[in-house]
Amino acid sequence: MKLYFIRHGKTQWNLEGRFQGAGGDSPLLPESYQQMVQVGQFLKDTPFTHAYASPIKRARVTAQHVIKELGQQVPLTLVSRLEEFHLGQMEGMAFDDVSKQFPAELDAFRNHPDQYDAAKIGGETFTQVIDRMTPAIQKIVAANAAPQDNILIFSHGAALNAEINGLLGTPLADLRKRGGLRNTSVTILETQDGQHYDLIDWNDTSFLTAKPTATDTI
């Protein structure tokens, strides 16, 4: 079976370069809705069994719009374990301000996941995010166990990056080495047993007409 992981559409805070974790949810940008159409059109020839999404509005709305474009009757289930990192005091802060107030935490979050200590900011570590997301993925796989099943999973950039790499068995120190995930990108994993996963496609944005910018990717 194949799991299609989709990051939500771009938001105002993404554009402004602000941290947007589980506790923040700025509006989706108008152009994001067109990109959701493009995702749906890209995937419309693939039959999907079920869709799952973080309940946070930016992910939930992205899921609803993409599913609409598929032209299929795909049930959508909201799963709280798929929500974004809890970022504590960094929530809503501009990246530049975080670099001044929490320089060590910011460097570790972006470059050294194994060294990221969230205690000072009151957030989640990479291990904690992976530990809460993996049971959700295992449950999703178990509920859609037919070999031909294709599943949609809508979530968030940092959380998806951590979880997908975690499912692939990537060491904690290397979680960021594949690069980031662009808004409305598609990443595909394949599994036969729900325990071992193979990477089919990473951060595919070939279907998007807009040129990428620095604020698109996390």
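Does Gln12 count as buried, partly exposed or exposed, and at what relative accessibility? Gln12 counts as partly exposed, at 30% relative accessibility. The notes below take the sheet, its helices, the salt bridges and the annotated residues in turn; the model is a predicted one.

1. Sheet order. Six strands form an open sheet, in the order E3-E2-E4-E1-E5-E6, and their pairing is mixed. The edge positions belong to strand E3 (76-78) and strand E6 (197-204). Each of these two has a single partner strand, so one side of each is left without a neighbour in the sheet. From one strand to the next, the twist averages 20°.

2. The E1/E5 pair. Strand E1 (residues 2-7) and strand E5 (residues 186-191) run antiparallel and are joined by five bridges. Among the residues involved is Tyr4, whose bridge partner in E5 is Ile188.

3. A salt bridge between the same two strands. The side chains of Lys2 and Glu190 meet in a salt bridge, with N to O at 3.0 Å. Lys2 is in strand E1 and Glu190 in strand E5, so the pair links distant parts of the chain, 188 residues apart. Lys2 is partly exposed, at a relative accessible area of 26%. Glu190 is also partly exposed, with a value of 26%.

4. Helix H3 on the sheet. Helix H3 (residues 57-70) lies across E1, strand E2 (50-53), E3 and strand E4 (150-155). Relative to E4, helix H3 runs at about 145°.

5. Helix H7 on the sheet. Helix H7 (residues 157-167) lies across E1, E4, E5 and E6, and runs at about 155° to E1. Ten of the eleven residues of H7 are buried, so this helix is largely enclosed by the rest of the structure. The buried residues are Gly157, Ala158, Ala159, Leu160, Asn161, Ala162, Glu163, Ile164, Asn165 and Leu167. Their packing partners are E1, helix H5 (103-111), helix H6 (126-143), E4, E5 and E6. Just after H7, Gly169 takes a positive phi of about 80°.

6. Salt bridges overall. Side chains of opposite charge can pair when their charged atoms come close. The structure holds seven salt bridges; the Lys2 and Glu190 pair is one example, and others follow.

7. Asp25 and Arg58. These two residues form a salt bridge in which the closest N and O atoms are 2.8 Å apart. Asp25 lies in the loop between helix H1 (12-16) and helix H2 (30-43), and Arg58 in helix H3, so the pair ties together parts that are 33 residues apart in sequence. Asp25 is partly exposed, with a relative accessible area of 34%. Arg58, in contrast, is buried, with a relative accessible area of 1%.

8. Glu124 and Arg132. The side chains of this pair meet in a salt bridge at 2.9 Å, N to O. Glu124 is buried, with a relative accessible area of 11%. Arg132 is buried as well, at 12%. Elsewhere, salt bridges that share partners join Lys10, Arg182 and Asp216 into one network.

9. Annotated residues. An unreviewed UniProt entry places the feature "binding site" at Arg7, His8, Gly9, Lys10, Thr11, Gln12, Trp13, Asn14 and Arg58. Of these residues, the lining of the largest pocket includes Arg7, His8, Asn14 and Arg58. Arg58 is thus an annotated residue that also takes part in the salt bridge with Asp25.

10. Gln12. This residue lies in helix H1. Leaving aside neighbours within four places in sequence, Gln12 is in contact with Ser26, Pro27 and Leu29. As stated at the start, Gln12 is partly exposed, at 30% relative accessibility.

11. Trp13. Helix H1 also holds Trp13, which is partly exposed with a relative accessible area of 24%. Neighbours within four places in sequence left aside, Trp13 is in contact with Arg18, Phe19, Gln20, Gly24, Ser26, Glu91 and Gly92. Ser26 is thus a contact of Gln12 and of Trp13.

Note on methods
Residues are numbered from 1 along each chain as its sequence is written. This is a predicted model: local features need pLDDT of at least 70, side-chain atom pairs count only at pLDDT 80 or more; totals for chains, interfaces and linings use all residues. Side-chain values use heavy atoms; hydrogens and water are left out. Two strands pair if DSSP finds at least two bridges between them. Helices (H or I, at least four residues) and strands (E, at least two) are DSSP runs, numbered from the N terminus. Axes are lines fitted to C-alpha atoms, for helices over the stretch in contact, and angles run from 0 to 180 degrees between N-to-C directions. Contact means heavy atoms within 4.5 Å. A salt bridge is a side-chain nitrogen of Lys or Arg within 4 Å of a carboxyl oxygen of Asp or Glu. Buried means under 20% relative accessible area, exposed over 50%, partly exposed in between (1.4 Å probe, protein chains only). UniProt positions are given in the numbering used here, feature names are shortened, and annotations may be inferred rather than shown by experiment. On a 1 Å grid over the protein atoms alone, a cavity is a set of points where a 1.4 Å probe fits but cannot get out, and a pocket is an open set with protein on both sides within 12 Å along at least five of seven lines; lining residues have an atom within 4 Å of a point.
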